[in-house]
Amino acid sequence: MKRAVCPGSFDPITFGHLDIIERASNQFDEVIVAVFINRNKSGLFSVEERMALIAENVKKFPNVSVDTGSGLLVEYCKKNGVQAIVKGLRAVTDFDYELQMAQVHIQASGVETMFMATSPTHSFLSSSIVKELAHYGGDVSSMVPANVNAALKARAGVKK
């Protein structure tokens, strides 16, 4: 069985993330969406809230599950029998960083990294942009699923 992980902070999950997850689910027997804490970012949602938001949106994919992890991604992969890491790339700047990480992962554990080009429709999306727009009452309904949009509005104190 070919298992892959789509790791990230997913704070919050966007349509860009879901595009990569769906496409990965067509390539692997099992895909784990693993919510990791990025110690360089402060989270708007707790890990549990993120997992619940993600779970609601991936339930339509029978081979996708949601989990959480901490520490090194390669250790998570070893512990969970994961053979591949799937990462979405929006731009060349993503590639520079992700290539370095992929090389570390293969050297440290033998875990392959598969890059998927983000759909042009979602290439500008980032969780940071979504949070900033939502904070100031901007409409992010075309960027995130309805449950995430509602959670952002509730968190920002914006009326529905």
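**Sheet, helices and largest pocket of a predicted model**

Colleague: In what order do the five strands of the open sheet stand?

Modeller: In this predicted model, five strands form an open sheet, and their pairing is parallel. The edge strands, each pairing on one side only, are strand 3 and strand 5 (112–117). From one strand to the next, the twist averages 30 degrees. Read across the sheet, the order is 3-2-1-4-5.

Colleague: What is the handedness of the β-α-β crossover from strand 2 to strand 3?

Modeller: Strand 2 (residues 30–36) and strand 3 (residues 64–69) pair in the parallel sense over six bridges. Between these two strands the chain passes through helix 2 (residues 47–58), and the crossover is right-handed.

Colleague: Which residue of strand 3 is the bridge partner of Ile32?

Modeller: The pairing of strand 2 with strand 3 comprises six bridges. Within this pairing, Val33 stands opposite Val66 of strand 3. For Ile32, the bridge partner in strand 3 is Ser65.

Colleague: What angle does the direction of helix 2 make with that of strand 3?

Modeller: Helix 2 packs on the sheet, where it touches strand 2 and strand 3. The angle between the direction of helix 2 and that of strand 3 is about 170 degrees.

Colleague: At what angle to strand 5 does helix 4 run?

Modeller: Helix 4 (residues 92–109) lies across two strands, namely strand 4 (84–89) and strand 5. Relative to strand 5, helix 4 runs at about 160 degrees.

Colleague: Which residues lie closest to the centre of the largest pocket?

Modeller: The largest pocket holds about 1,400 Å³ of space. Its lining consists of 46 residues. The closest to the centre are Pro7, Gly8, Ser9, Lys87 and Glu98.

Colleague: Which element gives the largest share of the lining of the largest pocket?

Modeller: Two or more lining residues come from each of strand 1 (3–8), helix 1 (15–25), helix 3 (73–80), strand 4, helix 4 and helix 5 (127–135). By type, the lining residues divide into 18 nonpolar, 19 polar and nine charged. The largest share, nine residues, comes from helix 4.

Colleague: Which residue in the loop between strand 1 and helix 1 has a positive phi although it is not a glycine?

Modeller: The loop between strand 1 and helix 1 contains Pro12, and the peptide bond from Asp11 to Pro12 is cis, with omega near 0 degrees. Phe10 also lies in the loop between strand 1 and helix 1. A positive phi of about 50 degrees, in a residue that is not a glycine, belongs to Phe10.

Note on methods: Residues are numbered from 1 along each chain as its sequence is written. This is a predicted model: local features need pLDDT of at least 70, side-chain atom pairs count only at pLDDT 80 or more; totals for chains, interfaces and linings use all residues. Side-chain values use heavy atoms; hydrogens and water are left out. Two strands pair if DSSP finds at least two bridges between them. Helices (H or I, at least four residues) and strands (E, at least two) are DSSP runs, numbered from the N terminus. A crossover is right-handed if, with the strands pointing away from the viewer, the path from the first strand over the helix to the second runs clockwise. Axes are lines fitted to C-alpha atoms, for helices over the stretch in contact, and angles run from 0 to 180 degrees between N-to-C directions. Contact means heavy atoms within 4.5 Å. On a 1 Å grid over the protein atoms alone, a cavity is a set of points where a 1.4 Å probe fits but cannot get out, and a pocket is an open set with protein on both sides within 12 Å along at least five of seven lines; lining residues have an atom within 4 Å of a point. Grid points are joined across faces, edges and corners, and a volume is the space filled by probe spheres set on the points. Ala, Val, Leu, Ile, Met, Phe, Trp, Tyr, Cys and Pro count as nonpolar, Asp, Glu, Lys and Arg as charged, and the others, Gly among them, as polar.
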